[in-house]
Amino acid sequence: GARRGTNSNAALSSRGFSVARHELAPGVVIDVYNLHADAGGSAEDQRARTIQFLQLERFMSVYSPTQAVILAGDTNLHRNVSAENQLLDDFAGTVGLTEVMNALPNIPDHIDRVFYRSNQDVELTPTRWRVADEFQDAAGNPLSDHPAIHVDFTWARLR
């Protein structure tokens, strides 16, 4: 299982990742990953996140080595923290993912992130990023401690 740090809020929600393989059209397959990394700022929390991203990297190298991929979720990592920025860049570089905030203009840094990767069969293109404020309970309160992110993609068959 995924390793957890010492943040007391970490016990309130599950951590780790899930994946589902989707066929968009005959022969057009994409793996969609959902991620929730460990929270907190302690050294143990940082080690736990590093281990979680290594686990995800290893899994993706076996399960999705050549698949088109969308990875979305709560990374609990900030670009303005040098070590966290490096962890994001190293992970994305190793598995060949592009972060949507690097592909579309004027996207603020956010711990919820979306990454993607095309392959020889399908080209994925992010077209829009927004805060998904529709995720509210009946009283209009957000369902999370931070806003959800919504990204629209287009896809094209390459062969």
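Analyst: Welcome! Let's start with a definition: a residue is buried when its relative accessible area is under 20%, exposed when that area is over 50%, and partly exposed in between. Please keep in mind that this is a predicted model.

User: Thanks! Why is Asn-76 called buried?

Analyst: The relative accessibility of Asn-76 is 12%. The limit for buried is under 20%, so Asn-76 counts as buried at 12%. You can find Asn-76 in the loop between β3 and α2.

User: What makes the phi of Asn-76 worth a look?

Analyst: Its sign. Asn-76 is a residue other than glycine, and its phi has a positive value, near 55 degrees. Asn-106 also has a positive phi without being a glycine, at about 60 degrees.

User: And Asn-106, is that residue buried or exposed, and how do you know?

Analyst: Asn-106 has a relative accessible area of 77%. Exposed means over 50%, so at 77% Asn-106 is exposed. Asn-106 belongs to the loop between α3 (100–103) and β5 (112–117).

User: Why is Leu-77 called buried?

Analyst: Leu-77 has a relative accessible area of 1%. With the cut-off at under 20%, the conclusion is that Leu-77 is buried. Leu-77 sits in the loop between β3 (68–74) and α2 (82–95).

User: Which residues does Leu-77 touch beyond four places away in sequence?

Analyst: The list includes Arg-49, Phe-53, Leu-87, Leu-88 and Ile-111. A contact here needs heavy atoms within 4.5 Å. As for Ala-37, that residue is 40 positions from Leu-77 along the chain, with 8.5 Å between the two C-alpha atoms.

User: How do you know that Glu-44 counts as buried?

Analyst: The value for Glu-44 is 19% relative accessibility. Buried means under 20%, so Glu-44 at 19% counts as buried. Glu-44 is part of helix α1 (residues 43–63).

User: What makes the pair of Glu-44 and Arg-47 a polar contact?

Analyst: The side chains of Glu-44 and Arg-47 are joined at 2.8 Å. A polar contact is a pair of N or O atoms within 3.5 Å, where one must be able to donate a hydrogen and the other to accept it. The 2.8 Å pair of Glu-44 and Arg-47 is listed as such a contact.

User: Why does His-146 count as buried, and what does this residue touch?

Analyst: His-146 has 17% relative accessibility. The limit is under 20%, so His-146 counts as buried. Leaving aside residues up to four places away in sequence, His-146 touches Asp-74, His-110, Ile-111 and Asp-112. There is also a 3.3 Å polar contact between the side chains of His-146 and Asp-145. His-146 is placed in the loop between β6 (122–131) and β7 (149–157).

User: Stepping back, how many helices and strands does the protein chain have?

Analyst: The protein chain has three helices and seven strands, and their order along the sequence is β-β-α-β-α-β-α-β-β-β.

User: Why is the protein chain called as compact as a globular protein of its length?

Analyst: Its radius of gyration is 16 Å, and the globule rule gives 15 Å for 159 residues. The two values are close, so the protein chain is as compact as a globular protein of that length. Its C-alpha trace spans about 50 × 40 × 30 Å along the principal axes, and buried residues make up 38% of the 159 residues.

Conventions
Residues are numbered from 1 along each chain as its sequence is written. This is a predicted model: local features need pLDDT of at least 70, side-chain atom pairs count only at pLDDT 80 or more; totals for chains, interfaces and linings use all residues. Side-chain values use heavy atoms; hydrogens and water are left out. Helices (H or I, at least four residues) and strands (E, at least two) are DSSP runs, numbered from the N terminus. The radius of gyration is taken over C-alpha atoms; the globule rule is 2.2 Å times the number of residues to the power 0.38. Buried means under 20% relative accessible area, exposed over 50%, partly exposed in between (1.4 Å probe, protein chains only).
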